[in-house]
Amino acid sequence: MKQWKEFRQYQKEERATLEELLLSAGIITGDITKQEALSIPAVSACTDLISDTIASIPVYLYKADNGKVTKMESDDRVKLLNDDTKDTLDAFQFKKALVEDYLLAGSGYSYIERKRNKVKSLHFVSNSNVSVNMNADPIHKSYDILVNGETYRDFQFIKLTRKSKDGVTGTGIIKENNKILSVAYNSLIFEEVLVKTGGNKKGFLKSQGKLSKEAIEELKQAWNNLYKNNSENVVVLNNGLDFQEASNTSVEMQLNEQKKTNSMEICKIFLTPHSILEGIATEDVYNNWFKNCIVPKLKAIETALNKDLLLPSEKESFYFAFDTSELIKGDMEKRFRAYEIAAKNGIMQIDEIRYRENLEPLELNFIKLGLQDVLYNPQTKEIYTPNTNKSTNMEKPGVGASEGGEDNANRDSGESGTT
């Protein structure tokens, strides 16, 4: 029994010593923080790529009424979301910070400053400053939001949540994937230790005899100089002393291969192909990434804006939506080809195209129609042929030619007879 207690005490002391060594080397044994996660290159790169992409897309307010959609460009909320939030952050920084908290912490928050029913400003609030007081009813859920101890109602905040079960708190990537992120972070710390020590191996000094206190201090100082000062390359071991390695070398640990593997796994967590970060992704890879990674997050933001920025009376006909067409502005050839198709098929007018390119309008308010096209009116069942200026009713074939069409036909026949 006594031996067992001594063994347990020995184990406890060994664990304490190990934890002390890990802490002294910077190796963490618990959950990593947001700042530690962002020090991992793959996490920082994926977070920046996703948040920058979303922050660069403008969001507009639309009104749907009797099948007609109108863009409400003069609405103050549109200006707050795309230009000036009336806070210290501009609109780009505001959306980027909101998405970053959404990805890493699971929820992003913005306080809505209102004057009566008008939104005056939007204020991003860091996730770390927000706490939620939720009621105990699992069906009729309600909550208050606390910021630095001050209580706010739910409608006073935009709440962007990831994998939420209550609509106000979510699960972030750091909490959900802490193990792999901890491994990647500790690999960086271990590599830093190797660099600081010049790649020297860690280990133990074994002595056949008992060393005096002075000898131990002298040996510790020499060993400390070896690891801290690269000018000291040799430690002389007296008779009876031997060095034994305590860990594998960096080659044996295959740090480079491990770093690449960790980076690839982290990219999978963010649904981001590694080729996009390297800048070698094909157009198909980029388009698939945008559909699978960016579009769902855009829909999450749109839903949050519709829930918290619209008045109850507006929710039936108004809605927020991102204009993803801005993403093709980087490719001029592709952009102008799309404009050509839109103008040729009557989808856009010339001045609409010039407006998107920030050019002065030409006041050419017309849509091109080719004479070779045949136009059908499904309401009147009539077919009109611009080339011959004739109209025909589908329900009465051969009957219903327009008067202008008859004149035109007679004129054509007369001209051909003269010729």
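What follows is a chat about the helices, strands and some single residues of a predicted model.

Visitor: Before we start, what should I know about this model and how residues are numbered?
Guide: It's a predicted model, where local features need pLDDT of at least 70, side-chain atom pairs count only at pLDDT 80 or more, and totals for chains, interfaces and linings use all residues. Residues are numbered from 1 along each chain as its sequence is written, and side-chain values use heavy atoms, with hydrogens and water left out.

Visitor: Cool. How many helices and strands does the chain have?
Guide: There are 15 helices and 14 strands. Those are DSSP runs numbered from the N terminus: H or I of at least four residues for helices, E of at least two for strands.

Visitor: And how much of the chain is buried?
Guide: Buried residues make up 31% of the 419 residues. Buried means under 20% relative accessible area, exposed means over 50%, and partly exposed is in between, with a 1.4 Å probe and protein chains only.

Visitor: What about contacts between residues at least 6 apart in sequence?
Guide: Of those, 56% join residues at least 24 apart. A contact here means heavy atoms within 4.5 Å.

Visitor: Let's do helices. How do α3 and α12 cross?
Guide: The axes of α3 (residues 41-55) and α12 (residues 283-308) come within 11 Å and cross at roughly 60 degrees. That makes α3 oblique to α12. On the cut-offs, under 35 degrees is roughly parallel, over 145 roughly antiparallel, 65 to 115 roughly perpendicular, and the rest oblique. The axes are lines fitted to C-alpha atoms, for helices over the stretch in contact, and angles run from 0 to 180 degrees between N-to-C directions.

Visitor: Left-handed or right-handed?
Guide: The α3 and α12 crossing is right-handed. That's the case where the near helix is turned clockwise from the far one by less than a right angle; anticlockwise would be left-handed.

Visitor: Which residues meet there?
Guide: From α3 you have L49, I50, T53 and I54, and they meet W289, F290, C293, I294, K297, L298 and I301 in α12. By type, the contact divides into nine nonpolar, one polar and one charged. Nonpolar covers Ala, Val, Leu, Ile, Met, Phe, Trp, Tyr, Cys and Pro; charged covers Asp, Glu, Lys and Arg; the others, Gly among them, count as polar.

Visitor: Switching to strands. What's the order in the sheet with β6?
Guide: The order is β5-β6-β7, an open sheet of three strands with antiparallel pairing. β5 (130-134) and β7 (150-153) are at the edges with a single partner strand each, so one side of each has no neighbour in the sheet. The twist averages 35 degrees from one strand to the next. Two strands pair if DSSP finds at least two bridges between them.

Visitor: How many bridges join β5 to β6?
Guide: Five, with β6 covering residues 143-147. One to look for is V130, whose bridge partner in β6 is V147. On the β7 side, four bridges join β6 to β7, and D144 stands opposite R153.

Visitor: What links β6 and β7?
Guide: They form a hairpin with two residues between them. N148 sits in that loop and has a positive phi of about 55 degrees although it is not a glycine. N148 counts as exposed because its relative accessibility is 67%.

Visitor: What's the phi of K163?
Guide: K163 has a positive phi of about 50 degrees, and it is not a glycine either. K163 lies in the loop between β8 and α6 (173-176), and at 49% relative accessibility K163 counts as partly exposed.

Visitor: Since you mention β8, how many of its residues are buried?
Guide: Five of its five, over residues 157-161. F157, K159 and T161 point one way, I158 and L160 the other. In a regular strand the side chains alternate between the two faces of the sheet.

Visitor: Which strand is joined to β8?
Guide: β3 (residues 107-115) runs antiparallel to β8, with five bridges joining them. S110 stands opposite I158 there.

Visitor: Last one: where is K260?
Guide: K260 is in helix α10 (residues 255-269), and it is exposed, with a relative accessible area of 62%. Its C-alpha is separated by 9.9 Å from that of A184, 76 residues apart along the chain.
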